[in-house]
Amino acid sequence: QVQVVESGGGAVQPGGSLRLSCAASRSTFKITAIGWYRQAPGKQRELVASISSDGATIYGDFVKGRFFIDHDNAKNSAYLQMNNLQPEDTAVYYCGLAGPRFEYDYWGQGTQVTVSS
């Protein structure tokens, strides 16, 4: 009943930037937070950044200072600006939505980010 669509992934060289977008459609519940997670080959999915409906943010330990999350509550959307990308940032990036129970129950299909020279 809820669709999550990510966009903005691609291939960049080290030091480059990408801006990921996440939008939710046909939401039937109150969205309490939107988060970005990533999963690289052979690694566990990890938090990149999240933002609550009131604007509070949480960043993964190794992306803070390079990545920045923002949102537009009216559009049920969130954006992840990624700067100074490095090869270790290569992963599939997933957008998740948290509803009234503050659990990330809805996910997009992911967008690939590849950083290589």
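**Exercise 1. Determine whether T111 is buried or exposed, and describe its surroundings.**

Step 1. T111 has a relative accessibility of 10% and therefore counts as buried; buried means under 20% relative accessible area, exposed over 50%, and partly exposed in between, with a 1.4 Å probe and protein chains only. The model is a predicted one, in which local features need pLDDT of at least 70 and side-chain atom pairs count only at pLDDT 80 or more, whereas totals for chains, interfaces and linings use all residues. Residues are numbered from 1 along each chain as its sequence is written, and side-chain values use heavy atoms, with hydrogens and water left out.

Step 2. T111 belongs to strand β11, residues 111-115. Helices (H or I, at least four residues) and strands (E, at least two) are DSSP runs, numbered from the N terminus.

Step 3. Leaving aside residues up to four places away in sequence, the contacts of T111 include G9, L20, W36 and Y93; contact means heavy atoms within 4.5 Å.

Step 4. A polar atom of the T111 side chain lies 3.2 Å from the backbone nitrogen of G9.

**Exercise 2. Locate S52 and describe how its strand is paired.**

Step 1. S52 lies in strand β5, which covers residues 46-52. With a relative accessible area of 17%, S52 is buried.

Step 2. Apart from residues up to four places away in sequence, S52 touches T32, A33 and H71.

Step 3. Of the 7 residues of β5, 5 are buried, so the strand is largely enclosed by the rest of the structure.

Step 4. Strand β4 (residues 33-39) runs antiparallel to β5 and is joined to it by 6 bridges; two strands pair if DSSP finds at least two bridges between them. R38 has E46 in β5 as its bridge partner. In the turn of this hairpin, which has 6 residues between the strands, G42 has a positive phi of about 75°.

Step 5. β5 is also joined by 3 bridges to the antiparallel strand β6, residues 57-59. Here I51 stands opposite T57. The hairpin of β5 and β6 has 4 residues between the strands, and G55 takes a positive phi near 100°.

**Exercise 3. Identify the disulfide and state its handedness.**

Step 1. The structure holds 1 disulfide, that is, a pair of cysteine sulfur atoms within 2.5 Å. C22 and C95 form it, with an S to S distance of 1.8 Å.

Step 2. The torsion about the S-S bond of C22 and C95 is about -75°, so the disulfide is left-handed.

Step 3. Because C22 lies in strand β3 (residues 18-25) and C95 in strand β9 (residues 91-98), the pair ties together parts that are 73 residues apart in sequence.

Step 4. Both C22 and C95 are buried.

Key. Polar contact = N/O pair within 3.5 Å; in protein donor to acceptor, adjacent residues only side chain to side chain.
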